[in-house]
Amino acid sequence: MFRKKIVSICLQAAVVFGAALPLFAFGTNDAAGAGTNGQKVKISVWHSFVGADQRAEFMAKRMADFKAANPDIEVDEQKIPRDQYQTKLKTLAAAGELPDGFLIWPNSMTKEFSSAGLLADINDLLESDKVWRDSLLPRALQEFTFNGKTYSAGLGVSLTSELFYNKAIFNKYNVKVPETWEELKTAIDVFKKNGIIPITLGNKAKWPAQSEIFSVVANRWTGSEWLDNVLAGKNAKFTDSQFISALDTMRQLADMGAFNKDYNSIDDVQMRNYFYRGEAAMMIQGSWVLPDIIKNTPADFKANIGITVFPAFSGGKGDPSVMTGVSSTGIAINKKTTAAQKAALKKLIVFLTNADAQVMYTQYYIPVSSRSVKLDTASVDTLYAQTVELMKAHPLVTVYDSALNSEQTEIINNGLQGIMLRTMQPMDVAKQLQATIR
């Protein structure tokens, strides 16, 4: 069933991306990868840390260090942009031709791939290197663990719903930073009347509206336990009134003109320019935006940026203080790889998440996934320090595309776009989602 779903998703994606990736035989058991008789162990590694991605510079430096420290391992590294990566990976998964090592998302994606028998676990590594294992935050391993087997370790933590706001614009128009839905509506109205984009959004790839806005909106309405119960088929359904309210909130935001008019035709990177140019008052983004803000905005502009959480809803059943977040992606191992390749990839997983790597995370403004790295907030960039403090003050709850399977994620991403364009009704999207609970 899993592979059929993957094939279906990939066929749909082929329309978007033009053509499927050629199916090279990455995960083979040939002699070249065996590491015997003094030969190098050859491994292919795919990831999406490229371009404007927060971890691109970290990964470039850390992979170079890994190659230098391990001359007996030959790494064929493929960097694929985030918006294309999962589709291409799932194309190869459906054909049984995955690369030896590849970036995987925690929770639902890990569950799908492991359930399909595509992954090799790292349980032996966890037992043999307990110092490394115990240095990690629990979620860094738990969100890659299913049925007692762990398949990766998160490269840091990703917050997905930080609300960045321009203090100068709020002060100019005497607008209060919103803590409630009513205050947010007031802010949207004032900014619109004055020619300011209230919230900048780039939803061309469809996932940003879901990951950065809807996930926290939905949790505000339903609470965390509700989604777990829905997915388990336990006394809760996607058609429940509180979830319909969450979907309808997205329609209301679009109807109010909360977003830039071109939000469906620009991407998650392009949309930042409205905020940087002072044309937008707010931007809801993940922690991955920090390096871009810190490096590419003038000091006086950066000093005017505040960070907070999404407002609360009157009548919402969720904790109004939570933020959405998840362990970052991690490197997984193709089950088809040889013993020598598995050993090399386990070495890479540790290298990308050990104490030295965690210190490097802070240098590249990545929230750490370590118990042992103590951050001196006075010595780092103020926006990074604010993010770290937000994480301490606001519990992290799941992101929808981390909890939902591929079929459900496709439905919610397309459905949100339809709801915001008024081509779909909230109940219709909810019914589509509920039909996947079997």
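**Close-up views of a predicted model**

**View 1. A glycine follows a kinked helix.** Just after α10, glycine 223 takes a positive phi of about 80 degrees. The model shown here, and in every view below, is predicted. Helix α10 itself covers residues 207-222. This helix has a kink of about 45 degrees, and the kink is centred on phenylalanine 214. The rest of the structure largely encloses α10, because 16 of its 16 residues are buried.

**View 2. Serine 328 sits in a loop between two strands.** The strand before the loop is β12 (323-327), and the strand after the loop is β13 (330-334). Is serine 328 buried or exposed? Its relative accessibility is 4%. Buried means under 20%, so serine 328 counts as buried. The side chain of serine 328 reaches the backbone oxygen of leucine 155 at 3.5 Å. Leaving aside residues up to four places away in sequence, serine 328 touches Arg55, Pro106 and Phe144. Serine 328 also touches Gly154, Leu155, Gly156, Val157 and Ser158.

**View 3. Five strands make an open sheet with mixed pairing.** Read across the sheet, the order is β2-β1-β3-β13-β4. Strands β2 (73-79) and β4 (119-120) stand at the edges. Each has a single partner strand, so one side of each is left without a neighbour in the sheet. Strand β1 (residues 41-47) pairs with strand β3 (residues 101-104) in the parallel sense, over two bridges. Here tryptophan 46 stands opposite phenylalanine 102 in β3.

**View 4. Helices α2 and α3 meet the five-stranded sheet.** Helix α2 (residues 56-69) lies across β1, β2 and β13. Helix α2 runs at about 165 degrees to β2. Helix α3 (residues 82-95) packs on the sheet and touches β1 and β3. The direction of α3 makes about 135 degrees with that of β1.

**View 5. Four strands make another open sheet.** The order is β9-β10-β8-β11, and the pairing is mixed. Which strands stand at the edges? They are β9 (197-200) and β11 (305-308). Each has a single partner strand, so one side of each lacks a neighbour in the sheet. Neighbouring strands of this sheet are turned by 20 degrees against each other on average, direction ignored.

**View 6. Strands β8 and β11 run antiparallel.** Four bridges join β8 (residues 162-166) to β11. Phenylalanine 164 stands opposite isoleucine 307 in β11. Helix α18 (residues 382-393) lies across β8 and β11. Helix α18 runs at about 15 degrees to β11.

Notes
Residues numbered from 1 in each chain as written. Predicted model: local features only at pLDDT ≥ 70, side-chain atom pairs only at ≥ 80, totals over all residues. Heavy atoms only, no water. Buried < 20%, exposed > 50% of the residue type's maximum accessible area, 1.4 Å probe, protein only. Polar contact = N/O pair within 3.5 Å; in protein donor to acceptor, adjacent residues only side chain to side chain. Contact = heavy atoms within 4.5 Å. Bend = angle between axes of the 7 residues up to and from the residue. Pairing = 2+ DSSP bridges. Axes fitted to C-alpha atoms, helices over the stretch in contact; angles between N-to-C directions.
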